[in-house]
Amino acid sequence: MYNSKITGLGYYVPDNVVTNDDLSKVMDTDDAWIQERTGIQERRHVVKGEGDTTTTMGVKAAKIAIERAGIDKDDIDFIVFATLSPDYYFPGPGVLVQRDLGIKTVGALDVRNQCSGFVYGISVADQYIKSGMYKNILVIGSELHSHGLDMSTRGRGVSVIFGDGAGAAVLSREEDTNKGILSTHLHSEGQHAEELSLIAPGMGKRWVTDILEDADPNDESYFPYMNGQFVFKNAVVRFSEVIMEGLNKNKLSPTDIDLLVPHQANLRISQFIQKKFGLGDNQVFNNIMKYGNTTAASIPIALTEAWESGKVNSGDLVVLAAFGSGFTWGSAIIKW
Ligand code: UT7
């Protein structure tokens, strides 16, 4: 048995900054509401027609992660790509990354676990490395939300929150089993699947042809829906549970945490968790203020920024935790 460790991190966000004031020009919202309820000050949106997609952003983040890992793209044994906003309905972006990075014909797996996608992704990668099957795995989380949001006042409860961007990590074999990813913990509760969802187009209820045939200007089925307060209430409970589960599994306590990198869902959620676990400001990393909620990309972007700013050092106990649509949630306990 081996462990896996994160040997390279990278992120990419589009240049186009969209402030709360920018949004208030196209919908009935305001900077004070958004900051008070979410902590978000601005986010990035890909400018339509300027070329960036979920895949290209993922590729840009991946190139940085691979370089920092000190390996060649040909050393990558497997690709895991987490997103809820793929370039195509099928195939998923994993194979597009294999193509665009010119990686040999390794396996490429697409993960559909929304805000928990990156944690699910590194959990999968960790198992492959632990078993000895693969040595280096590229895990990407990338999202292009902005093209699919309802930017009218009708969609304001969702659209002000989400942003575009990508993050990537290289996981590599670690011989010392006291180092690297110590454990991962994954959960789901499908009874709440529709509480945060995008149901059309889908084969289950409404396909593209149904949407076109209806041509209903009041059709909201192809915009994301979120029962915000219900999601919030579940998030704070599940975040806490899954962090505790990970700590208990490793006989650790909250005081052992050097850095918690929570999925950037809402600054209020991060602050609730911080208070609950008695953590100081320097023990929780947040960047939702700058990027909004980038779903599967949020943890790898935040982890990369934390690492770049010297907040992640050898020997540190780093905890990743996520909650989102599905509902799905998970954590990873890492000895850096
Ligand atoms: O990443 C996946 C997990 N996601 C989450 O964890 C998100 C969890 N939920 C949340 O973060 C919060 O529920 C939101 C930030 C989405 C919403 O905050 P809230 O405090 O739950 O607001 P609300 O939905 O209860 O809406 C309160 C009021 C409503 O007006 P009335 O009915 O009280 O008159 C909304 O229409 O705020 C109104 N509102 C807005 N006003 C200005 C909703 N969105 C906006 C907006 N600007 N953008």
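**Notebook: the ligand site**

I began with the secondary structure around the ligand, and found that α2 (31-38), α6 (156-159), α8 (228-249) and β12 (317-324) each supply at least two residues of its shell. I noted that the largest share, 4 residues, comes from α8. I keep in mind throughout that this is a predicted model.

Next I looked up how the shell relates to the domains. Both domain 1 (3-177) and domain 2 (181-335) give residues to the shell, so the ligand lies between them. I then checked the pockets, and recorded that the ligand sits in the second largest pocket.

I turned to the composition of the shell. There are 23 residues around the ligand, and those that come nearest are Thr29, Arg37, Gln229, Asn266 and Asn293. When I sorted the shell by residue class, I obtained 11 nonpolar, 9 polar and 3 charged residues.

I then went through individual polar contacts, taking side chains before backbone. For Trp33, I found a polar side-chain atom 3.1 Å from an oxygen atom of the ligand, and for Arg156 I found a polar side-chain atom at 3.0 Å from a ligand oxygen atom. With Gly228 the partner is a polar backbone atom, which I located 3.0 Å from a nitrogen atom of the ligand. After these contacts I looked up the accessible area, and wrote down that the ligand taken alone exposes 960 Å², of which the protein buries 72%.

Conventions. Residues are numbered from 1 along each chain as its sequence is written. This is a predicted model: local features need pLDDT of at least 70, side-chain atom pairs count only at pLDDT 80 or more; totals for chains, interfaces and linings use all residues. Side-chain values use heavy atoms; hydrogens and water are left out. A residue is near a molecule or strand if one of its heavy atoms lies within 4 Å of it. A polar contact is a pair of N or O atoms within 3.5 Å; within protein, one must be able to donate a hydrogen and the other to accept it, and residues adjacent in sequence count only if both atoms are side-chain atoms. Accessible areas come from the Shrake-Rupley method with a 1.4 Å probe; for residues, only the protein chains shown count as cover. On a 1 Å grid over the protein atoms alone, a cavity is a set of points where a 1.4 Å probe fits but cannot get out, and a pocket is an open set with protein on both sides within 12 Å along at least five of seven lines; lining residues have an atom within 4 Å of a point. A molecule sits in a cavity or pocket if more than half of its atoms lie within 2 Å of its grid points. Ala, Val, Leu, Ile, Met, Phe, Trp, Tyr, Cys and Pro count as nonpolar, Asp, Glu, Lys and Arg as charged, and the others, Gly among them, as polar. Domain bounds come from an automatic or database domain assignment.
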